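Please open the model in a viewer and keep the selection panel at hand. The stops below proceed from one strand to its partners, and then to rings and charged side chains.

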Amino acid sequence: MSAIPLERDIHYPESDGRPMAETDLHLDVMFDLIHALKTRYAGDPDVYVGGNLLLYYVKGDPRFSISPDVLVTPGIGKGRRDTYLLWVEGRMPCFVIEVTSKSTRKEDLQKKKSLYERLGVDEYFLFDPREEYLHPRLQGHRLAQSRYQPIPPESDGSLLSRTTGLLLKPEGENLRLIDAATGERLLWTQEETEALETAEERIKALEAEIVRLRRESSELQK
């Protein structure tokens, strides 16, 4: 009879050996969503934003795991995590997005949806960038009496997340996140880079103008 391993001896792998995303497009969408959410919650030390990491939900048995593409969990604090151990964190994510495709259809619509519902993920969204099988390509589910109910679309086709206060709206092949209260659009990675570059150029131009005005003022005083 083999000995039961101690908890400290149990290894919870950081990877399941599967690719991070189906295509470069799916990877870009996932990274843009994570980036936008991290930026939104940068000033809130009690909100963790992550994605593409293994979430283990049965203590002592690493066979039971799932890997959300994008997740938000309030109340557990920031910090890098190699894995998400539910019994350590003490909370399930309240918000999950899967960037889905035809090849992951069965897993995302059946296995993951059923498991997220059972584990108590408040809101579960699926986004199919190429509309390979989801029509419409953005769909959401919200827990009501422990069961998922479809989230009805807004007049413009966006979906409202009550847990984050964000509107989710397809834009091109990407998914835009919008602050429902202010209408502010959360920037994707490239957009933020371009905005910073534009701001730097404006600052340099302003500094040059100040130097010019000071020089003119000095010459007038001579």
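Select strand β6, residues 95-99, which is mostly covered: 5 of its 5 residues are buried. Here buried denotes under 20% relative accessible area, exposed over 50%, and partly exposed the range in between, with a 1.4 Å probe and protein chains only. Strands are DSSP runs of E with at least two residues, helices are runs of H or I with at least four, and both are numbered from the N terminus. This is a predicted model, in which local features need pLDDT of at least 70 and side-chain atom pairs count only at pLDDT 80 or more, whereas totals for chains, interfaces and linings use all residues. Residues are numbered from 1 along each chain as its sequence is written, and side-chain values use heavy atoms, with hydrogens and water left out.

Show the side chains of this strand. In a regular strand, side chains alternate between the two faces of the sheet. Which residues of β6 are buried on one side, and which on the other? F95, I97 and V99 lie on one side, V96 and E98 on the other, and all are buried.

Next, add the neighbouring strands. Two strands are taken to pair if DSSP finds at least two bridges between them. Strand β4 (residues 70-74) runs antiparallel to β6 and is joined to it by 3 bridges; L71 has V96 as its bridge partner. Strand β7 (residues 123-127) pairs with β6 in the parallel sense over 5 bridges, and there F95 is matched with E123.

Move to a separate selection, the open sheet of 3 strands ordered β3-β2-β5, with mixed pairing. Its edge strands, β3 (65-66) and β5 (84-85), each pair on one side only. Strand β2 (residues 55-56) runs antiparallel to β3, with 2 bridges between them, and Y56 stands opposite S65.

Now display the aromatic rings. The structure holds 7 aromatic pairs; rings of Phe, Tyr and Trp (its six-membered ring) pair if their centres lie within 6.5 Å, with planes under 30 degrees apart counted as stacked, over 60 as edge-to-face and the rest as tilted. Select Y12 and W87, a tilted pair at 5.2 Å centre to centre with 55 degrees between the planes. Y12 belongs to the segment before α1 (24-40) and W87 to helix α2 (residues 86-89), 75 residues apart. Y12 is buried at 10% relative accessible area, while W87 is partly exposed at 26%. Adding Y56 completes a cluster in which ring pairs link Y12, Y56 and W87.

Select Y116 and Y124 for another geometry: the ring centres are 4.9 Å apart and the planes stand at 65 degrees, so the pair is edge-to-face. Y116 is buried, with a relative accessible area of 1%, and Y124 is buried at 0%.

Charged groups over rings come next; the criterion is NZ of Lys or CZ of Arg within 6 Å of the ring centre and within 35 degrees of the ring normal. The charged end of R81 sits over Y48, 4.2 Å from the ring centre. R40 lies over the face of Y41 at 5.4 Å from the ring centre.

Keep R40 selected and add D179, in strand β12 (residues 174-179). D179 is buried, with a relative accessible area of 14%. What distance separates the side chains of D179 and R40 in their polar contact? The value is 3.1 Å.

Key: Polar contact = N/O pair within 3.5 Å; in protein donor to acceptor, adjacent residues only side chain to side chain.
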